[in-house]
Structures are given as C-alpha cells and as structure tokens.
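Hi,

Here is the structure I promised to pass on. Have a look at it first, and my notes follow below.

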Amino acid sequence: MHANPIFEYQLIVQMKKLTPPVFDVDIHDFHDKVLVASEQTPILVDFWAEWCGPCITIAPVLTRVIESFDNRVRLAKLEVDEGDNM
C-alpha cells in the first residue's frame, strides 16, 4: 500500500504546528528529536550549561531568532551537565 503524499505533507505541517520551535533535549531522545527530525526541518543545537555566562547571555537572542523563522528552523537546547548528557 502506497502512502498518500498529500496526507503525508499535511501531517508534517500539523506536526510542525504542534512542535515548539525551541525545545529541550537530552542524550536519550537526541536521536529522534534532533537527528531524525532534522530531515524535515533544520535544527540548531545549543549546548549550554547553567554556569556558562555566555550561554545564558545568548539564550534569549537565539530564542528570538528561531521564533522569527516561524517554525522553518528549530532550536534544541541540550544542558551538558544534566544527567548522562556528557
């Protein structure tokens, strides 16, 4: 059975609307949320830490830039010191 390309396109559009442009990710879901998802939409990854001053300073700027792209680009935020992320 062949998939309907119009249905697939509509599904992708709906998923983009449901998925926030800025989202948290960790080592356990990085493959699906970033690698696989980036086949449909470019994803910038922000590797950050609470103790990193420049990371904290640039975060709101990155968020505004990503939001200005209207879900055409997304931002995955990976806190490097959390859990098994390193």
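Which residue forms a salt bridge with Asp46? It is Lys77, and the closest N and O atoms of the pair are 2.8 Å apart. Before you read too much into that distance, bear in mind that this is a predicted model.

The pair links distant parts of the chain: Asp46 sits in strand E2 and Lys77 in strand E3, 31 residues apart. Both ends are tucked away, too. Asp46 counts as buried at 8% relative accessibility, and Lys77 is buried as well, with a relative accessible area of 14%. Buried here means under 20%, so both values fall below the cut-off.

The count comes to 2 salt bridges. The other one joins Lys33 to Asp29, where the closest N and O atoms are 3.3 Å apart. This pair is partly exposed at both ends: Lys33 has a relative accessible area of 36%, and Asp29 has one of 21%.

Back to the strands. E2 covers residues 43-48 and E3 covers residues 74-79; they run parallel and are joined by 6 bridges. If you want a landmark for the pairing, Leu44 stands opposite Leu75 in E3. To get from E2 to E3 the chain passes through helix H3 (residues 53-68), and this β-α-β crossover is right-handed.

H3 deserves a look of its own. The helix has 16 residues and reaches 24 Å from its first C-alpha to its last, close to the 22 Å expected at 1.5 Å a residue. There is a kink of about 35° at Ala59, shortly before the proline Pro60.

Which residues of H3 are buried? They are Cys55, Ala59, Leu62 and Ile66, so Ala59 turns up both at the kink and in the buried set. The spacing fits the textbook picture: an α-helix has 3.6 residues a turn, so residues three or four places apart point the same way. What covers the buried residues of H3 includes strand E1 (22-24) along with E2 and E3, the two strands that this helix connects.

One last detail for when you trace the backbone: just after H3, Asp70 takes a positive phi of about 50°.

Cheers

Technical notes: Residues are numbered from 1 along each chain as its sequence is written. This is a predicted model: local features need pLDDT of at least 70, side-chain atom pairs count only at pLDDT 80 or more; totals for chains, interfaces and linings use all residues. Side-chain values use heavy atoms; hydrogens and water are left out. Two strands pair if DSSP finds at least two bridges between them. Helices (H or I, at least four residues) and strands (E, at least two) are DSSP runs, numbered from the N terminus. A crossover is right-handed if, with the strands pointing away from the viewer, the path from the first strand over the helix to the second runs clockwise. The expected span of a helix is 1.5 Å times one less than its number of residues. The bend at a residue is the angle between axes fitted to the seven residues ending there and the seven starting there. Buried means under 20% relative accessible area, exposed over 50%, partly exposed in between (1.4 Å probe, protein chains only). Contact means heavy atoms within 4.5 Å. A salt bridge is a side-chain nitrogen of Lys or Arg within 4 Å of a carboxyl oxygen of Asp or Glu.
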